[in-house]
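This report describes one predicted model for a reader new to it. The topics are the cysteines, the ligand site and the strands beside that site.

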Amino acid sequence: MNLSERNTTPNKDEQKDIKLVYTQMERCRRCYTCVRECPAKAIRIEGGQAEVIQERCIACGNCVKVCSQDAKVFHRDTEALDHLLKSDQEVAAIIAPAFPAEFMTLPKHQTFVGMIRGLGFDYVNEVAFGADLIANKFKELIEKKGHRKYISADCPAIVSFIEKYHPHLVQFLAPIVSPMVATARVLRKKHGNHLKVVFVGPCIAKKNESSEIDMAITFRELREMLEHKMVTPGNTTPSGFDPPLSGKGAIFPVSRGLIQAVNLDDDVSRGDIIVAEGRENFQEAIREFESGLIRQEHLELLCCEGCIMGAGMTSSVNRYAKRSFIKNYVKSKLNLINTKQWEKEMEEYLKLDLSLNFKENDQRLALPSRENIQNALKNMGKYDPKDHLNCGACGYDTCEEHAIAICKGLAETEMCLPHTIESLHNSVEKLNVSNQKLESTRQALKQSEKMASMGQLSAGIAHELNNPLGVVIMYANILLEEMAQKEDVSEDLKLIVEQADRCKRIVSGLLNFARKNQVSYTEVNVEELARQSIQSIIVPQNVKAIIECNTSNKEAELDEEQMLQVLSNLSKNAIEAMPDGGKLTIRIEEDKDHVVFLVIDTGEGIPPENMDKIFEPFFTTKGIGKGTGLGLATIYGIAKMHNGQITVESNSLPEKGPTGTTFKVRLPRYAGKTEEK
Ligand code: ADP
Ligand code: MG
């Protein structure tokens with residue numbers, strides 16, 4: 001047969017554009033299971049999403065099998081097949097020997113074949129006959145005395161894996177076509193080159209294996225078609241496979257199938273074939289073969305744990321039941337086999353050219369430099385070998401492998417779960433701290449806005465009252481002088497002067513609060529200032545007043561009179577908060593270029609609900625005639641006028657009881673040097 005005449009489907013190179021296995025991004029959920037399961041490490045994580053790199057993919061379909069979200073899908077050919085079957089071309093379905101494991105519920109294989117014909121195929125053949133031929137060729141090959149050892153080439157995912165990742169082992173691949181291609185060659189010999197051949201089986205990788213196959217569909221797709229076309233055992237006529245019929249080749253899809261098919265010596269002491277199946281085992285066998293450890297043995301490698309576990313099967317459970325279905329099928333088949341006929345057909349088709357050469361397709365990525373790997377590890381918080389948890393959550397077996405994959409552009413730092421959890425933890429903590437800061441800034445802003453608007457009001461009132469009050473005081477004093485000898489009138493006038501003076505003090509307090517007074521800075525000794533403030537008030541017997549000066553430099557530029565007012569007002573308040581006695585401390589400290597006055601008492605404390613009201617003018621808890629509520633308002637204004645700050649700490653909580661109060665006044669040591677709002 002002249003294969004070059006055949007040009008029905010795109011060849012391997014032309015098929016590069018078809019994405020055989022790909023991700024449905026909206027379903028991908030950052031579990032990295034596909035990374036772990038991919039023997040080719042053909043999955044790139046970008047922005048947390050797993051994308052299949054087509055040129056690296058060997059189409060084994062492991063990722064399709066393991067993705068719990070069905071985010072990994074494979075290319076469907078059902079529509080194209082439907083089209084082909086509707087055309088007037090002659091089409092043969094060649095059925096992989098794994099079919100009894102997929103259609104376990106069908107009573108006999110004739111029911112299944114009848115349904116396939118029901119879809120519109122002209123011929124339904126067994127790939128198992130191709131397997132018979134290949135087993136024979138393989139036997140011939142390895143029995144040639146003195147010849148080198150071979151790796152079987154019947155699994156397309158294995159062939160692709162070797163071509164891409166162990167290209168120098170390509171020379172060891174048995175130069176024989178797969179059972180699928182052998183069957184296609186047989187049928188074209190029998191029916192002519194015009195025949196369209198469609199493979200039906202458990203394998204996704206078959207779709208990309210050979211240009212001699214017009215189409216390859218999986219059992220999953222077959223089921224979709226049967227369902228869609230409503231083809232059932234009830235509306236189809238059972239029939240047998242078309243000749244040539246197979247022999248033992250039907251055992252191919254279970255592990256050691258090839259060996260059994262050709263009766264090769266599998267005895268441990270004498271045999272020289274190693275069978276390795278499944279993602280981890282086949283890689284280990286290749287590594288050992290590559291290192292020369294097992295060069296005395298042939299390798300029979302399968303990417304899945306037998307073709308019965310292929311990704312094109314509808315389910316990946318009941319592995320042993322599947323094996324037993326295949327065995328029973330083969331048993332019943334061998335009972336019925338017309339050996340003479342089989343031998344005749346074998347002889348005829350063994351004359352066919354069943355050879356194939358493989359090409360290297362190197363997809364290995366260069367190993368990154370040690371320095372780059374170390375940097376990638378550091379970015380994951382791994383500075384030391386003991387930081388390598390090797391937990392496998394990222395999909396790579398070790399932290400080192402993960403780091404290498406990052407350098408190769410296949411993985412991301414965020415895939416490291418322990419590192420991500422830790423940094424998330426840190427971010428949450430930072431966020432909490434900044435939230436707290438934000439909240440206290442918001443509170444402070446609210447408070448200062450309130451104080452500012454109160455200040456404006458107070459300034460207005462004080463300003464308007466100041467002048468008429470001055471006139472009242474002046475004329476009251478003149479009258480008092482003139483009426484000094486008239487006792488009855490002068491007593492009344494004294495009262496007017498006294499009360500008007502009181503009003504004057506209130507107005508002055510308000511002006512202080514509104515920061516409308518002038519600050520006249522002079523050099524003062526802060527310790528001396530504190531002493532004077534205590535002397536200017538009456539300290540009861542049961543209160544112990546002390547002054548602690550913890551500054552090396554006692555000089556500061558302040559408005560002496562105003563600051564005297566501040567300290568004596570705070571001390572007065574402190575004493576009033578300790579009706580049963582206690583301790584009053586005025587402590588002076590320094591902080592960079594600031595002096596800090598602390599007035600500490602052991603009194604009743606301030607309830608939390610009053611905390612943001614105490615600086616308001618006229619807020620008092622002391623009852624009519626006792627407090628004016630102007631003390632702290634005045635102090636607040638004076639502190640601000642000095643470009644300073646006043647804060648208070650008090651913990652009077654019902655459950656804690658009185659714990660005392662500390663007022664803290666922080667002022668720039670030198671006039672107007674620092675600005676604090
Ligand atoms: P007044 O002393 O006239 O009441 P202030 O402005 O000086 O006005 O104080 C306002 C309020 O703040 C007081 O009535 C009191 O409730 C509270 N306060 C001030 N200082 C203290 C303190 N050291 N301990 C407890 N409460 C205080
Ligand atoms: Mg007061």
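A disulfide is a pair of cysteine sulfur atoms within 2.5 Å. By that rule, the structure holds zero disulfides. Cys63, for one, is in no disulfide, and the nearest cysteine sulfur, that of Cys34, is 6.4 Å away. Burial is graded by relative accessible area, computed with a 1.4 Å probe and protein chains only: buried means under 20%, exposed over 50%, and partly exposed in between. Cys63 has 9% relative accessibility and therefore counts as buried. Cys503, at 36% relative accessibility, counts as partly exposed.

Residues are numbered from 1 along each chain as its sequence is written, and chains are lettered from A and ligands numbered from 1 in the order in which they are written. In this predicted model, local features need pLDDT of at least 70, side-chain atom pairs count only at pLDDT 80 or more, and totals for chains, interfaces and linings use all residues, while side-chain values use heavy atoms, with hydrogens and water left out.

**The ligand site**

Which residues are the closest to ligand 1? They are Asn573, Asp601, Thr620, Thr621 and Lys622, out of 18 residues that surround the ligand; a residue belongs to this shell if one of its heavy atoms lies within 4 Å of the molecule. Three side chains make polar contacts with ligand 1, a polar contact being a pair of N or O atoms within 3.5 Å.

| Side chain | Ligand 1 atom | Distance |
|---|---|---|
| Asp601 | nitrogen | 2.8 Å |
| Thr620 | oxygen | 2.6 Å |
| Lys622 | oxygen | 2.6 Å |

The protein covers 94% of the 520 Å² of accessible area that ligand 1 has on its own, with areas taken from the Shrake-Rupley method and a 1.4 Å probe. Two or more residues of the shell come from each of α19 (560-576), α20 (631-641) and β17 (661-668). Helices (H or I, at least four residues) and strands (E, at least two) are DSSP runs, numbered from the N terminus.

**Strand β17**

Six of the eight residues of β17 are buried, so this strand is largely enclosed by the rest of the structure. Two strands pair if DSSP finds at least two bridges between them. Strand β15 (residues 594-601) pairs with β17 in the antiparallel sense over eight bridges, and Phe597 has Val665 of β17 as its bridge partner. Strand β16 (residues 645-650) is also antiparallel to β17, over six bridges. Here Ile646 stands opposite Val665.

Key. Polar contact = N/O pair within 3.5 Å; in protein donor to acceptor, adjacent residues only side chain to side chain.
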